[in-house]
There are 4 protein chains.
Amino acid sequence: MQSRTPPARTGRPRSAAADAAILAATRDALVEIGWSRMSLGDVAQRAGVAKTTLYRRWAGKNELVVDAVAELFDELVLPDGDSLAADVVGVVLQFGELLRRPETRTALMAVVAESTSDPALRLRIRTAIVDRQKRLVLQGRERAQRRGELPYETEPAVAEQHADLIFDVIAGTVVHRALVSDGPVDEAWAQALAGLLIAGLPTAMA
Amino acid sequence: MQSRTPPARTGRPRSAAADAAILAATRDALVEIGWSRMSLGDVAQRAGVAKTTLYRRWAGKNELVVDAVAELFDELVLPDGDSLAADVVGVVLQFGELLRRPETRTALMAVVAESTSDPALRLRIRTAIVDRQKRLVLQGRERAQRRGELPYETEPAVAEQHADLIFDVIAGTVVHRALVSDGPVDEAWAQALAGLLIAGLPTAMA
Amino acid sequence: MQSRTPPARTGRPRSAAADAAILAATRDALVEIGWSRMSLGDVAQRAGVAKTTLYRRWAGKNELVVDAVAELFDELVLPDGDSLAADVVGVVLQFGELLRRPETRTALMAVVAESTSDPALRLRIRTAIVDRQKRLVLQGRERAQRRGELPYETEPAVAEQHADLIFDVIAGTVVHRALVSDGPVDEAWAQALAGLLIAGLPTAMA
Amino acid sequence: MQSRTPPARTGRPRSAAADAAILAATRDALVEIGWSRMSLGDVAQRAGVAKTTLYRRWAGKNELVVDAVAELFDELVLPDGDSLAADVVGVVLQFGELLRRPETRTALMAVVAESTSDPALRLRIRTAIVDRQKRLVLQGRERAQRRGELPYETEPAVAEQHADLIFDVIAGTVVHRALVSDGPVDEAWAQALAGLLIAGLPTAMA
DNA sequence: AATTAAGCGAGACGGTACGTCGTGTCTTGAG
DNA sequence: CTCAAGACACGACGTACCGTCTCGCTTAATT
């Protein structure tokens, strides 16, 4: 809560309202016209702001969009299920719902695409969006361990590897289902995925 | 009985060599200058082809890149493993290798990102790239069934749902690992993923 | 009426209908869409002819247009006036009328413009269009001389210089009036011009 | 009382230097590569200016060339002659000289040709080039009237009609001589034309 | 209250790529 | 050898956005 503006601050301060208007306008523009067709001139006009103001705050489209969508992902919570399977289903459904919103799906994939040739952006995405959600896996595992559904892993490095893998599996699978295969992420599908994860292929297919 | 060319058959036919040259030039340009900086003028020049020729065949950058990248995915083959786990590991490693090549990772994510607000492009990606690779899942399942590792599913609709789910899980997980989590897709990781899929979480974590 | 095709003629002969159709289509296109916007593809399509056919007969747009409009200028005749002034007025009005037709005005100026940097085209215009109309000046002078309105010039070279000058004056003035000053070429204006030519400035302005 | 800038006065003002550079580059390009081969991209590059800047000020090639050439016509001055005939000869020779320069002849006829099917362009040519040079006729007439060579016309409308006609005659005749008949505009020819204008045909041919 | 320095809107600027169009040539198969 | 059809290499078109740069005008904190 303390001011961390490093140097002396003279002159007219930056408008806080402008920041909010720009981020909101960015999300609107993403929904309406898509990533590639969205120009920063558009965003500035929608926000009632000069392009200069926008470039004074962000280096480019990528940085702006990451900031504009990062907060949307913090809505995810681990639902109050009574089994590991229910927890998985709950998270999958929430994530699926998030990916149905145009601004989320478009912006997320756009910045991931850009990040394939921009390591700094990749890091920013991971810290600002992805890693924050690993808490869901950790919470879910802990609950399942308390219920006796999963064993305790004593080696911390191994435990982290497990968590990372599970996160990749769940997040990657839902994204692929929603954005590539273009199929619904509904109750039935979520249960099938949860069944596969918990029981393994031979049992799940039996 | 033979001629099924539906409309008229007049005028100079399109050059088959041009198609190949354009697709190859597209891949080269992707590697050398990246998706976003690559212009269709560049591609045309590299291919020794006029821009017109390019636009006569493809509607834009996205469609062109989908086709250019699609061919790369046809390299994937189901390796000659002697167990379901070995087959999964083999495919995962191949796919991981493919995603390490800059043109593949960049182009794939770029078109997926565009496709989030372009249903026609989404369909094209699915038919040109994704659906073609489901053969790997089908082959792998069949081998596993013959070995007795997996049961036979008699209901075709259910069988297809299983295949789709498995494909989403494997493809999505590998993409997420490679492009978002930014971790290596190596032998150890591939075995961990295969173990999870075959045995289920409780066993895999034990 | 005899075939004057110089070498042996083998293969399919050229369609005579095609020539006429192309020239007519050229005139139509000039009227409707103007010189610069008229493409040879347009002309070919209007004539129901392939572009190849067109290029087989003419070297380009300029040559085609010269041929297409040359004959229109042969309509001009020296009217049956009873004085030099009446003859001048009659010719001026006819020429003015010709320049009101869109295809004539556009095509004439277009080829003249092209000819400024193409001596061969300049020659072609002069022989195909301009020089043919000098007959009007020669006829008018002869009549005026017979009426006693103009003296006889005995030196042929001087007589030709006079005729050339008069032609430049009349043709140039009418073109400038019609196409640049954009004023009407009507009876009153024609009489004013004739008066100036015959009586000279001091008298004409008195 | 003073500021009559009609609309808003905001944003960066247009560079006056750019206008001059563009017009000069246009003239250079006309000389070096000719009207039809000259592209606006060329002009922009020669002027060290972006194409955008060029299109912000002119609607197209025609308008630009009209303005670029118009300045050249302002070089014309009424020479310090001591008779009406000398003044006419002086102006004719200057105009003939102007029409010997490739950029002038080509550009002038090209825009006139375009103007035959573009009334707005016709107006622009008239206001930017033609009407400005009528001053020469007005000055010459005034001098001749002071010398007693021409009568005073008291009716303004008639006086204007006279001036317009004389302008059409001189300008049209010189253009026709120079560009169509392709003859020299030299001292002898200029004197013949002046003689015709001042004395009328019967006297001039005597 | 006056000064001052940055923020602000507007929009012009030099660039680059776009997707389309026209040119003149070439390549088919049919006549 | 001609024809209609249309693909081809080339190159200009006019537009859109980029990110930067003036402009003249606020707007606060400092004098």
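## Contacts with the phosphates of DNA strand E

In this predicted model, a polar side-chain atom of Thr53(A) sits 2.7 Å from a phosphate oxygen of DNA strand E. Arg57(A) also reaches a phosphate oxygen of this strand, with a side-chain N or O atom at 3.0 Å. Ser15(D) uses its backbone instead: one of its backbone N or O atoms is 2.9 Å from a phosphate oxygen of DNA strand E.

Several elements give two or more residues to the surface near DNA strand E. Helix H3 (51-57) does so in chain A, chain B, chain C and chain D. Helix H2 (40-47) does so in chain B and chain C.

## The surface around DNA strand E

There are 40 residues around DNA strand E, and those that come nearest are Ser15(A), Tyr55(B), Thr53(D), Arg56(D) and Arg57(D). Of the strand's atoms that come within 4 Å of the protein, 59% belong to sugar and phosphate. Sorted by class, this surface has 19 polar, 12 charged and nine nonpolar residues.

## The two domains of chain A

Chain A is assigned two domains: domain 1 covers 16-57 and domain 2 covers 70-204. Their centres, taken over C-alpha atoms, are 30 Å apart. Five residues of domain 1 are in contact with eight residues of domain 2.

What area do domain 1 and domain 2 of chain A bury between them? The value is about 590 Å², with 79% of it on carbon and sulfur atoms. On the side of domain 1 that touches domain 2, three residues are nonpolar, one is polar and one is charged. Across this interface the rules find zero salt bridges and zero residue pairs in polar contact, counting pairs with both residues at pLDDT 80 or more.

Note on methods
Residues are numbered from 1 along each chain as its sequence is written. Chains are lettered from A and ligands numbered from 1 in the order in which they are written. This is a predicted model: local features need pLDDT of at least 70, side-chain atom pairs count only at pLDDT 80 or more; totals for chains, interfaces and linings use all residues. Side-chain values use heavy atoms; hydrogens and water are left out. Domain bounds come from an automatic or database domain assignment. Contact means heavy atoms within 4.5 Å. Buried area is the accessible area (1.4 Å probe) that two parts lose on being put together, summed over both. A salt bridge is a side-chain nitrogen of Lys or Arg within 4 Å of a carboxyl oxygen of Asp or Glu. A polar contact is a pair of N or O atoms within 3.5 Å; within protein, one must be able to donate a hydrogen and the other to accept it, and residues adjacent in sequence count only if both atoms are side-chain atoms. Ala, Val, Leu, Ile, Met, Phe, Trp, Tyr, Cys and Pro count as nonpolar, Asp, Glu, Lys and Arg as charged, and the others, Gly among them, as polar. A residue is near a molecule or strand if one of its heavy atoms lies within 4 Å of it. Helices (H or I, at least four residues) and strands (E, at least two) are DSSP runs, numbered from the N terminus.
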